[in-house]
Amino acid sequence: MKKNRLFALLLAALMLVCAFGAGAEEEPDVIIAGRYSVKLTEAQKAVDELVAQYAAYFQQQGYTLSAEQYAYICTMALQQRAVYCVIDNILEDRGYPELTDEELAQIKADVQAAYDETYDYVKQYYITNYGLSEEQADKQAAENMTQAGYDVDDLYDERIRYARADVLYNDVTKDVEMTDDDVKAYYEETYVAPDREKYEGNIYSYELAKNYYGTETYFVPEGYRTVSHILLTTPEEIETKLTECSDKIDAAQEIVDGFVTELGELEVTPEEGAEPVEHRSAEEIQADIDKAKADVEALQAEYAEIKAGIIPALQEKIDEIYAKIDAGEKFEDLIAEYGEDPGMTTTEGYEVNKDSVVWAPEFRDGAMSIEEVGGVSEPVLSDFGVHIIKYLADVPGGAVELSEEAFADMRDEALSAKKDEVFQAAYAEWLEQYPVTINDELVSIPTTGTAVEEAAAEETPAAEETAAAEGN
């Protein structure tokens with residue numbers, strides 16, 4: 001959204017501002033840029049408001065700001081005002097008109113609506129989570145908004161400055177255009193290239209990002225195909241036997257591990273002066289290890305035998321499914337009729353690679369065993385049950401192709417980025433024309449343990465939520 005974009009750009013422009021100089025004795029200028037300046041009272045207010053916002057927010061997150069962090073926040077507040085001073089000079093040079101009464105009225109209404117929405121949220125938060133009455137919640141919300149540094153009049157003034165800067169931004173960037181090739185180059189550089197570096201030849205990282213963290217990826221390693229499947233889960237009686245046998249295997253393995261630990265203790269040299277500890281011989285311990293391992297192997301064989309009974313138990317249903325496939329029924333209809341994998345209700349298919357790590361090995365190998373697109377596997381047995389897998393399509397490796405809608409969104413983003421570059425370059429020239437002096441030594445800033453931090457110590461969602469409202 002354009003408002004957010006320009007605000008971020010103005011913050012980036014802050015890095016170009018130089019900080020040096022001195023001010024007058026009575027109501028001195030803290031910031032000077034050409035014909036415009038910011039007096040101490042206004043500068044101090046800007047610093048105090050931003051400090052209050054950050055202190056309240058970070059206190060809510062359980063953090064305490066240091067003196068260095070407060071100093072940095074002070075610099076941010078002053079540099080933001082400096083950017084507007086430079087812009088005011090350019091607006092005057094170019095003869096831009098002041099905002100109309102209608103524009104000012106709309107800004108006032110927008111600010112009031114955003115403030116009220118946040119205020120109501122904070123108020124309701126205390127009613128819902130702390131059981132406060134309407135009157136108590138009103139009082140708490142008002143206090144929190146004040147502590148967080150939010151005031152309707154101040155927000156109104158800030159939006160006016162922003163609106164004037166927005167006029168200049170639109171004028172400076174009005175001729176910026178973006179061709180299809182420009183969009184493709186932006187997409188490649190900004191999205192595809194970083195993902196190619198991370199995921200090319202790295203199936204583990206790719207699947208971890210996409211399947212576990214839900215990261216949107218823009219590059220696909222080679223060798224993927226899309227499959228769907230009909231899952232028939234293990235009959236409950238067999239599942240119970242498998243669970244019981246698995247528990248026995250775990251218990252037997254613990255016995256093995258205990259004997260192995262005992263054997264390892266024979267290699268430990270006792271500390272000098274320690275009481276001697278009697279141990280069984282290595283031969284006796286090894287004999288117990290061998291016997292315990294044999295017990296584990298016997299239980300594993302029993303588990304495999306139980307598991308082998310899954311397909312026979314489901315054979316009638318399996319035969320019925322394959323008969324319907326042979327008769328030409330749609331595979332997706334059979335998934336809906338027989339399938340017991342809830343994941344198949346939210347996706348058209350799974351991406352599988354021969355080196356995939358997120359799928360059961362039997363499912364992965366079964367999916368990759370199908371020779372032709374459209375083919376269906378033999379029944380595949382895994383710990384999840386029986387899979388009947390269909391090979392849907394190959395997934396093209398390389399850059400993810402953007403849909404028409406996604407390409408339009410990418411064009412908007414690329415155009416915004418290009419406009420930002422143009423505006424930033426123009427601002428650098430304006431800064432040479434109107435160099436900035438910031439007398440930051442005139443401004444008072446808090447250190448840790450001050451009243452500002454103490455005021456922020458009460459739990460308050462106002463800072464975060466008001467910031468969110470301001471971004472709309």
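Started with what sits over the buried residues of α12: the cover includes β4, α11 (310–326) and β7. Worth noting up front that this is a predicted model.

Next I looked up which residues of α12 (residues 331–338) are buried, and got Phe331, Leu334, Ile335 and Tyr338. They span an arc of only 105 degrees around the axis, so they lie on the same side of α12. That fits the usual helix rule: with 3.6 residues a turn, residues three or four places apart point the same way.

Then I went to the sheet. I find four strands in an open sheet, ordered β5-β4-β7-β6, and the pairing is antiparallel. β5 (350–352) and β6 (380–382) are the edge strands; each has a single partner, so one side of each has no neighbour in the sheet. From one strand to the next, the twist averages 50 degrees.

I checked the β4/β7 pair too. Strand β4 (residues 225–233) and strand β7 (residues 385–394) run antiparallel and are joined by nine bridges. I picked out one residue there: His229 has Ile389 in β7 as its bridge partner. Helix α13 (residues 361–369) packs on this sheet and touches β4, β5, β6 and β7. I noted its direction relative to that of β4 as about 125 degrees.

Last stop was Thr234, which I located in the loop between β4 and α9 (236–265). Is Thr234 buried or exposed? Its relative accessible area is 10%, and the cut-off for buried is under 20%, so I logged Thr234 as buried. Leaving out residues up to four places away in sequence, I have Thr234 touching Glu239, Leu242, Ile310, Phe384 and Gly385.

How values were computed: Residues are numbered from 1 along each chain as its sequence is written. This is a predicted model: local features need pLDDT of at least 70, side-chain atom pairs count only at pLDDT 80 or more; totals for chains, interfaces and linings use all residues. Side-chain values use heavy atoms; hydrogens and water are left out. Two strands pair if DSSP finds at least two bridges between them. Helices (H or I, at least four residues) and strands (E, at least two) are DSSP runs, numbered from the N terminus. Axes are lines fitted to C-alpha atoms, for helices over the stretch in contact, and angles run from 0 to 180 degrees between N-to-C directions. Contact means heavy atoms within 4.5 Å. Buried means under 20% relative accessible area, exposed over 50%, partly exposed in between (1.4 Å probe, protein chains only). The arc is that of the directions from the helix axis to the C-beta atoms.
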